[in-house]
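Visitor: Please take one part of this structure and look at it closely, starting from a single residue. After that, set it against the rest of the chain, in one connected account.

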Amino acid sequence: MKKASTYFRTRHSLGHEVLHNWWGNGVYIDYESGNWAEGLTTYQADYSFLEQQSNDVAKGRRLEWLRDYAALPPERDRPSRTFTSKTHAASQVFGYNKVAFLFHMLRRQLGEQVFESALRRFWREQRFRIAGWNELERAFSEEAGRNLSVFFDQWLDRTGAPEISFAKVAKSRQEKDAWILSLEIKQSEPSYQLQVPVQVLTTKGPVERLIPIKGTHTPVEIQLSAEPIELVADPDFHLFRRLVSGEAPPTLRDTLLSGQTQTLVLEGSTFQQQGLALARAMLDSSLQSNSTLEPEKPFLLIGPSSEVDTFLRTHKLPGMPEELAVPSSAQVWARRTPQGQPYVIIAANSQASLEALLRPLPHYGRRGYMAFQGSKAVIKGNWPLSKSGILYRFP
Ligand SMILES: [Zn+2]
């Protein structure tokens, strides 16, 4: 079993460790039926602190979870119910993040009060016992007054995530201030039961609706008191779903999570050793060192700045981004090739500059680009979200 790369070592909050006195050390985990405790603890400790800061910060975390999921290659995905403990970064994605997201969706569907009373019931009934997902599901179903097995099964027993889109969008005017917006909400197979938040921008301002869907095509009619201009699904990332392309600009993690990434270190044996050590610290799977590139695979390129320039020109890839044009000793950026393969470039002006990245860089997987002076990040940023999302705009 490979040990978790330093890159993904979670810096858990104190609150997270404290909450394990309830989830894990108070109610014990039935490892045979899956570890629910990490996701629940992540949601109730780490995430809820962010929510206390602001809605925007919490939304940012949900997007990061979805972004991480988008970076996970399908062949490394597993059903969350099979998660027992974190062995590598991929397992954090379906064992912590996706499970935390499950609790988020549950809380939104059931409301704050039912959500809390279900957790209190679970605690009351299972304290100092070994409990699994079935006991959790029972506590939630009891408090909700309905069977939640479809909900739990669809999120725990499947890999993948729903992919949502709009189709057949049309508007018609009934009378002066009465409009009907009709559309289909489509989703990929296998379909999920979801409550999709839809925001409609009208000539008199935005209108929000929560639309229950199941099956691959759900016809919807929305009555409005003004003319609709555009509509967007789940703009605040409340659903665990596949992001559409504009919502998932490249980050280092796309390349580092892939099990296929080729590592190429340019020039010189000293650089070679440092480069490979850095790659090992960053990658979530074993190192595949190449001297030439296979175009259909992600790659991590490490080298002296001037050689990196030449390499990029030869391979018809864009040079160092303008965002990084500051005095610095090393620059790092994530992109995708025109064919859609993710890659990461690490350019350094000396062997020492490269060596200085070994400790800090593995912690920046969610970033799109960075510049370092020694081991200090002087610039760190993310490529902007394009304003697309799941969007329809009337012509
Ligand atoms: Zn934990």
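**A strand, its loop and the surroundings**

Guide: Leu183 lies in strand S4. The model is a predicted one, and in it Leu183 has a relative accessibility of 4%. Because the limit for buried is under 20%, Leu183 counts as buried. For its position relative to a distant part of the chain, take Glu64: the two residues are 119 apart along the chain, and their C-alpha atoms are separated by 29 Å.

Strand S4 covers residues 178-187, and strand S5 covers 194-202; the loop between these two strands holds Pro190. The peptide bond leading from Glu189 into Pro190 is cis, with omega near -10°. Most peptide bonds are trans.

A second backbone detail is found in the loop that runs between strand S8 (228-233) and helix H8 (252-257), where Asp234 is placed. Phi of Asp234 is near 45°, a positive value in a residue that is not glycine. Phe237 is in this loop between S8 and H8 too, and its phi, near 60°, is likewise positive in a residue other than glycine. Most residues other than glycine have a negative phi. Neither side chain belongs to an exposed residue: Asp234 has 1% relative accessibility and counts as buried, and Phe237, at 4%, also counts as buried.

Now the wider frame. The protein is divided into three parts: domain 1 (6-156), domain 2 (164-239) and domain 3 (252-381). Between domain 2 and domain 3, the C-alpha centres are 42 Å apart.

Domain 1 and domain 2 share packing. The largest nonpolar core has 73 residues, and those touching the most other members are Trp36, Phe103 and Phe140. Helix H4 (residues 89-110) gives the largest share of this core, with 13 residues. Both domain 1 (6-156) and domain 2 (164-239) supply residues to the core, so the core lies between them. In soluble globular proteins, nonpolar side chains tend to be buried together.

Between domain 1 and domain 3 there is open space instead. The second largest pocket has about 470 Å³ of space. Its lining counts 21 residues, and closest to the pocket centre are Ala70, Ala71, Asp254, Arg336 and Pro342. Helix H3 (residues 55-71) gives the largest share of the lining, 3 residues. Sorted by class, the lining holds 10 nonpolar, 5 polar and 6 charged residues. Since domain 1 (6-156) and domain 3 (252-381) each give residues to the lining, this pocket lies between those two domains.

There is also a metal site to place. A zinc ion is coordinated by His16 through NE2, His20 through NE2 and Glu38 through OE, at 2.0 to 2.1 Å. Along the chain these donors follow the spacing H-x3-H-x17-E. Both His16 and His20 are buried. Glu17, which is found in helix H1 (residues 14-19), is partly exposed, with a relative accessible area of 41%. The C-alpha atoms of Glu17 and Leu357 are 29 Å apart in space, for residues 340 apart in sequence.

That leaves the hairpin-like stretch of numbering late in the chain, taken here simply as a loop with a strand on either side. Gly374 lies in the loop between strand S13 (369-373) and strand S14 (376-381). Its relative accessibility is 26%, so Gly374 counts as partly exposed. Ala356 is 18 residues from Gly374 in sequence, and the C-alpha atoms of the pair are 5.5 Å apart. Ser375 is placed in the loop between S13 and S14 as well, and with 48% relative accessibility it counts as partly exposed. From Ser375 to Leu324 the separation is 51 residues in sequence and 16 Å in space, C-alpha to C-alpha.

To return to the starting point: Leu183 is a buried residue in strand S4, and the loop between S4 and S5 contains Pro190, whose bond from Glu189 is cis.

Key
Residues numbered from 1 in each chain as written. Predicted model: local features only at pLDDT ≥ 70, side-chain atom pairs only at ≥ 80, totals over all residues. Heavy atoms only, no water. Donors = N, O, S within 2.8 Å, 3.2 Å for Na, K, Ca; no water. Buried < 20%, exposed > 50% of the residue type's maximum accessible area, 1.4 Å probe, protein only. 1 Å grid on protein atoms, 1.4 Å probe; cavity = no way out; pocket = protein on both sides within 12 Å on 5 of 7 lines; lining within 4 Å. Points joined across faces, edges and corners; volume = space filled by probe spheres on them. Helix = DSSP H or I, 4+ residues; strand = E, 2+ residues; numbered from the N terminus. Nonpolar A, V, L, I, M, F, W, Y, C, P; charged D, E, K, R; others polar. Domains from an automatic or database assignment. Core = buried A, V, L, I, M, F, W, Y, C linked by side-chain atoms within 4.5 Å.
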